[in-house]
Amino acid sequence: MADDKNSAAPSEEFRNGGRAVIATLAAHGVDTIFGIPGTHNLEFYRHLSEFGIRAITPRHEQGAGYGADGYFLVSGKPGVVITTSGPGLTNVITAAATAYAESRPMLILSPGVPTGMERADVGMLHETKDSSGALNRLLVSSQRTRTAEGAAQAVAEAFAMFSSSRPGPVHIEVPLDVLEGAWNGSVPTPIPGRRPGLDSRVVSRAAEAVAGAARPLIVAGGGARRASAEVRAFAERLDAPVATTANGKGIISETHSLSLGSNVRFPSVQAESAAADVLIVLGSELADSDLWGGLIGAQTSAGIRDENSSQIVIRCDIDPDQLGKNLGGDILACADAGEFLTALRAELDHNGATTTSTRDAASTGSDRVAAIRGSWNSDFDFESIGARVTRLVEQGAGPAVVVAGDSSQVTYDGSVHALTASTPDQLLYMPGFATLGYGIPAAIGAKLADSARPVACILGDGAAMFSIQELMTASELGLGIPFVIVDNGGYAEIEAQMVDRTIEPFAVKLARPDFAALGHSMGGTGVTIAESDIDEMLPAAVAEALERTVPTTIHITVGC
């Protein structure tokens, strides 16, 4: 009997809860997971190679979460993270909360204390009071499963949610006895996503409104990222300018004559949104993190419509709770943005609507865009260090470059506005949660998602130090990513805010590491470029970095 047992196939000998979960991941097209092996999660890891799933090991679980997010933004596949119990799981919470704030799918798998040991407080290794309860208050959901079959089903249900409703992070906790115990079921069949059905009456009302519009405007957010083709086709059909949020950047190519870029914070764009007679908002809550204290639409204050305006507001969102956020709507479509726009165009075609008959012949959509763009130099400093560096990185990497940013001035006062995006996967950023440490691991995830795409990371020195250890991960994986660190010696924005409040600045000036040497020490290479030399040296340094099979740390010293 011993010989028979030793010769048994691993799939039968270890047909346990870990296998149930991993087999279900594979059935849903998962080919990559991010995480760190630990004492309690090894029965997840046991089965990965059998199902052809590669394991990416960052140097911190927060990096696993950000890497999974970057992977999703480029691949379109939900990011999957496996942590161990206790600190492994709590380490990933910030990344998971980021995914929640930005409405991005992420599946987090972790072991938990054995069944019956909940809240026992007996001092087990990694024992946590109530992991699932804690995460359930922060994420879309957290479920502690009771059986291997239930764990597999929970995975299938998570993927169904990702494809049918507003996406976000889901945590599944598998008790140790379930993870290691027998699995007697089968792999669940993927559950078809069920999106909200379109209300034909809403489509008809929206078609009537846009058909008579003289000055329409479209605002597209992250919820419309999957509807890039539909947004462009609808904008062209309506001859309407399109402005996007930071998460919607590139939904319509920013070289298109109807594109106002990801510039909803600009006063000129906000003024145009107030002047529009029909405003179409797609997949956005119109958050202040994008608007910087401004307003979209004819409003006197956030959420208060201007009673002197006859503006018609059409809002579309897959989440009904978002349809009234920050701007009341007149026509509300709870639907997938792409499905709504396709139906709206079909209704216009069926009715033979021209959509331009009421307009001044000299006021085409592209004319309006050109006029608005003409005022942008008063809206934004395009010669700021972040904007300059972004343009130079794009020059060295080419127009298809994917840029990972961070909660750094060089991102929100640079790349968001200076990068010319043609697709909605070119800027990896998290404006809502605004977490430091995102950029480096997100760039790694993006490069793993598409090794042929040029990927660069642009961030500040403060943000870099939150996840600098992931340079070692990039080196280990052989990823030729340029990490451009713009170093002003600390938290300059917070220093400026202190000055504004008449606080003598303190705790914001930071000692400067030699980032180039640090890059070398972690198996890559590095170069230091003074701010005065970036025009001459940075594009070539980026181009050379992309040819390497190790990461390059490009240290730009500001004010030295």
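**Exercise 1. The annotated region**

Task: Find which residues UniProt lists for "domain: Thiamine pyrophosphate enzyme TPP-binding", and describe the secondary structure over residues 419-556.

Solution. Start with the record: the unreviewed UniProt entry lists residues 419-556 under that name. UniProt positions are given here in the numbering of this chain, feature names are shortened, and annotations may be inferred rather than shown by experiment. Residues are numbered from 1 along each chain as its sequence is written, and the model is a predicted one, where local features need pLDDT of at least 70, side-chain atom pairs count only at pLDDT 80 or more, and totals for chains, interfaces and linings use all residues. Side-chain values use heavy atoms, with hydrogens and water left out.

Next, look at the chain itself. Over residues 419-556 it is 38% helix and 18% strand. Helices (H or I, at least four residues) and strands (E, at least two) are DSSP runs, numbered from the N terminus. Finally, the end C-alpha atoms of this stretch are 18 Å apart.

**Exercise 2. An open sheet**

Task: Work out the order of the six strands in the open sheet, and say which strands stand at its edges.

Solution. Begin with the order, which is β15-β14-β16-β17-β19-β18, with parallel pairing. Two strands pair if DSSP finds at least two bridges between them. As a reminder, strands of a sheet pair through backbone hydrogen bonds, either parallel or antiparallel.

Now the edges: β15 and β18 (525-530) each have a single partner strand, so one side of each is left without a neighbour in the sheet.

Then check individual pairs. Strand β14 (residues 402-404) is joined to β15 by two bridges in the parallel sense, and V403 stands opposite L427 in β15. Strand β17 (residues 482-487) runs parallel to β19 and is joined to it by six bridges; here V484 faces I554 of β19. β18 also pairs with β19 over six bridges in the parallel sense, with T528 opposite H555.

**Exercise 3. Strand β19 and T553**

Task: Decide whether T553 is buried or exposed, and say which way its side of β19 is shared.

Solution. First place the residue: T553 is found in strand β19 (residues 552-557). At 1% relative accessibility it counts as buried. Buried means under 20% relative accessible area, exposed over 50%, and partly exposed in between (1.4 Å probe, protein chains only).

Next, sort the strand by direction. T553, H555 and T557 point one way, while T552, I554 and I556 point the other way, and all are buried. Six of the six residues of β19 are buried, so the strand is largely enclosed by the rest of the structure.

Last, list the partners. Not counting residues up to four places away in sequence, T553 touches L471, F483, I485, F515, A516, G519, T525, G526 and V527, where contact means heavy atoms within 4.5 Å.

**Exercise 4. The nonpolar cores**

Task: Find which domains give residues to the largest nonpolar core.

Solution. A nonpolar core is a set of buried Ala, Val, Leu, Ile, Met, Phe, Trp, Tyr and Cys residues joined through side-chain atoms within 4.5 Å. The largest has 71 residues, and V389, L428, F483, V484, L538 and I556 touch the most other members. Helix α5 (residues 61-75) gives the most to this core, with seven residues.

Domain 1 (17-180) and domain 3 (385-557) both contribute, so the core lies between them; the bounds come from an automatic or database domain assignment. Another core, of 34 residues, lies apart from it, with V210, V242, I331 and A337 among them.

To zoom in, take V389: leaving aside neighbours within four places in sequence, V389 is in contact with I458, V484, V486, I534, L538 and I556.

**Exercise 5. Salt bridges**

Task: Find what the salt bridge between R166 and D319 ties together.

Solution. A salt bridge is a side-chain nitrogen of Lys or Arg within 4 Å of a carboxyl oxygen of Asp or Glu, and by this rule the count comes to 25. In the R166 and D319 pair, the closest N and O atoms are 3.1 Å apart. R166 lies in the loop between α9 (148-164) and β6 (169-175), and D319 in the loop between β12 (312-317) and β13 (331-334), so the pair ties together parts that are 153 residues apart in sequence. R166 is partly exposed, at 27% relative accessible area, whereas D319 is buried, at 15%.
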